Amino acid sequence: MITRKRLATGACALLAALTAALLPTSAAADEPVAKESPKVELVLDVSGSMRAKDIDGKSRMSAAKQAFNEVLDAVPEEVQLGIRTLGADYPGPDRKQGCKDTRQLYPVGPLDRTEAKTAVATLAPTGWTPIGPALLGAAEDLEGGDATRRIVLITDGEDTCAPLDPCQVAREIAAKGIHLVIDTLGLVPDAKTRQQLTCIAEATGGTYTSVHRTDELSRRVKQLVDRAADPVVTPVGTKGAARCVDAPQLKAGLYTDRETFGEHRWYRVDLLPGQELRASVSVSADRAVNNDYGVLLRAVTLHGREIVRGSEAGDGRTDVISTGLRYPKPDLDDGPGDAKPAAETVCLQVSNSFSAPPSVKTTPGMPIELTVDVVDGPSAASDVAAFGLGRGWWLLGGLVLAGFLAGLLWGWVSRWRVAVWRTN
């Protein structure tokens with residue numbers, strides 16, 4: 001009997017030791033995968049026009065070098081940074097050769113600040129302004145992985161290598177669904193440069209900034225590099241379908257897609273009783289469009305019955321246009337058993353009524369951003385949006401009653417004043 005107890009005790013001790021040895025491995029397996037370091041490439045214009053001395057009394061090139069030195073000192077450790085130039089090497093008149101003049105000055109990766117500063121110090125204003133080829137090269141430099149990627153383009157003039165339109169290049173980069181954002185900075189820009197750089201930025205969800213002083217350039221580039229290091233949210237690429245039954249199933253999150261002019265796209269979301277669907281969509285008109293346009297977001301059932309819709313219209317501006325909707329699904333009364341309630345499939349339709357002049361390319365489609373959120377629905381029936389005004393009915397009733405009483409009072413006062421006037 002004692003021997004059996006000793007054997008049992010020994011077996012338990014051995015089992016406990018094996019369990020303790022395995023636990024760290026199991027915990028390590030459950031640890032989240034390390035997040036990939038964000039990647040940023042600074043694209044600097046080194047064309048001949050950068051010799052102009054109109055920024056703080058010095059040349060644009062000198063201002064850019066000073067700003068670069070300050071930016072390189074402040075780059076966060078987790079950011080992989082690279083530098084690409086355009087117009088830095090070929091000074092001749094051959095346009096074909098000049099439009100190939102772009103190269104990677106410093107490779108994208110862990111930053112050696114001294115080496116990067118030394119490379120920038122050797123630059124001198126030289127040649128053409130091949131913005132389109134430089135953007136294509138920068139996109140290749142940042143390929144691979146799922147890291148946040150950002151191009152920061154710094155130039156003082158518009159592209160000189162048409163017909164390779166840099167705005168169209170930016171649209172094609174965005175259409176690849178790699179979530180590469182291009183931010184543009186114009187050094188003392190004219191109207192044409194401003195228009196082109198704005199178009200490049202809008203095509204990829206980036207920003208455009210006009211710069212007239214060295215400290216402005218330094219501060220803005222630092223902000224953009226920091227933004228890459230700490231993004232708010234990374235959108236997920238998706239592709240809507242022509243019918244709801246074929247649509248992708250979406251969960252709460254931020255999604256991007258592209259939609260051609262006048263197209264309808266469908267997406268699906270599952271909604272449980274007691275939950276509320278909140279959705280919004282933004283369509284970016286990233287090129288010249290005709291006046292009078294709009295965007296529509298509809299929530300319908302699988303059988304085609306419309307539940308709720310949101311719409312917005314615009315006129316005359318090339319900009320982002322947005323709309324949204326809310327749909328609360330009422331909670332079910334407690335039924336027999338512990339049966340799990342079935343989810344309702346809600347079909348989301350995104351439509352636009354954009355059209356473009358004949359000279360404007362309609363491919364690739366315009367970028368759209370779809371936000372989906374599923375939250376707990378209202379706890380009280382009076383809060384449910386399906387009832388229209390909800391608690392607003394009480395306010396409306398109170399206002400009507402107050403207006404009625406005020407009218408009676410005013411009528412009585414008016415009659416009294418008329419009677420007094422007649423008596424006197």
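The dialogue below goes through the overall fold, one helix, one sheet and the salt bridges of a predicted model.

Trainee: How many helices and strands does the protein have?

Mentor: The model is predicted, and in it the protein has nine helices and 18 strands. Of its 424 residues, 42% count as buried.

Trainee: What share of the contacts with a separation of 6 or more comes from residues 24 or more positions apart?

Mentor: Such residues account for 75% of those contacts. As for the surface, the protein exposes about 23100 Å², and carbon and sulfur atoms supply 56% of that area.

Trainee: Let us take a helix. Is α6 mostly covered or uncovered?

Mentor: The general idea comes first. An α-helix has 3.6 residues a turn, so residues three or four places apart point the same way. Now the case here: helix α6 spans residues 166–175, and seven of its ten residues are buried, so that the helix is mostly covered, where buried means under 20% relative accessible area.

Trainee: Which residues of α6 are buried?

Mentor: They are Pro-166, Cys-167, Gln-168, Val-169, Ala-170, Arg-171 and Ile-173. Their cover includes two helices, α5 (131–141) and α7 (191–203), and two strands, β7 (180–187) and β11 (253–259).

Trainee: What is found at the start of α6, and what follows the helix?

Mentor: At the start, Asp-165 places a side-chain oxygen within 3.1 Å of the backbone nitrogen of Cys-167. After the helix comes Gly-177, which has a positive phi, near 70°.

Trainee: Strand β11 was among the elements covering α6. In which order do the strands of its sheet run?

Mentor: Again, the general idea: strands of a sheet pair through backbone hydrogen bonds, either parallel or antiparallel. In this structure, β11 belongs to an open sheet of five strands, in the order β9-β11-β18-β13-β16, and the pairing is mixed. At the edges are β9 (236–237) and β16 (320–328), each pairing on one side only.

Trainee: How do β9 and β11 run, and how many bridges join them?

Mentor: The two strands run parallel and are joined by two bridges. Val-236 stands opposite Tyr-255 of β11.

Trainee: Now the charged side chains. How many salt bridges does the structure hold?

Mentor: Side chains of opposite charge can pair when their charged atoms come close. The structure holds 18 salt bridges. One of them joins the side chains of Arg-84 and Asp-141, at 2.8 Å from N to O.

Trainee: Which parts does that pair tie together?

Mentor: Arg-84 lies in strand β4 (residues 80–86) and Asp-141 in helix α5, so the pair ties together parts that are 57 residues apart in sequence. Arg-84 is buried, at a relative accessible area of 8%. Arg-84 and Asp-141 are also linked with Glu-41 in a network of salt bridges.

Trainee: Are the partners in the Arg-243 and Asp-246 salt bridge buried or partly exposed?

Mentor: Arg-243 is partly exposed, with a relative accessible area of 49%, and Asp-246 is partly exposed as well, at 47%. Their side chains meet at 2.9 Å, N to O.

Trainee: What of Arg-298 and Glu-306?

Mentor: They form a salt bridge whose closest N and O atoms are 2.8 Å apart. Arg-298 is buried, with a relative accessible area of 16%, whereas Glu-306 counts as partly exposed, at 31%.

Methods: Residues numbered from 1 in each chain as written. Predicted model: local features only at pLDDT ≥ 70, side-chain atom pairs only at ≥ 80, totals over all residues. Heavy atoms only, no water. Buried < 20%, exposed > 50% of the residue type's maximum accessible area, 1.4 Å probe, protein only. Helix = DSSP H or I, 4+ residues; strand = E, 2+ residues; numbered from the N terminus. Contact = heavy atoms within 4.5 Å. Polar contact = N/O pair within 3.5 Å; in protein donor to acceptor, adjacent residues only side chain to side chain. Areas by Shrake-Rupley, 256 points an atom, 1.4 Å probe, with all protein chains shown as cover. Pairing = 2+ DSSP bridges. Salt bridge = Lys/Arg side-chain N within 4 Å of Asp/Glu carboxyl O.
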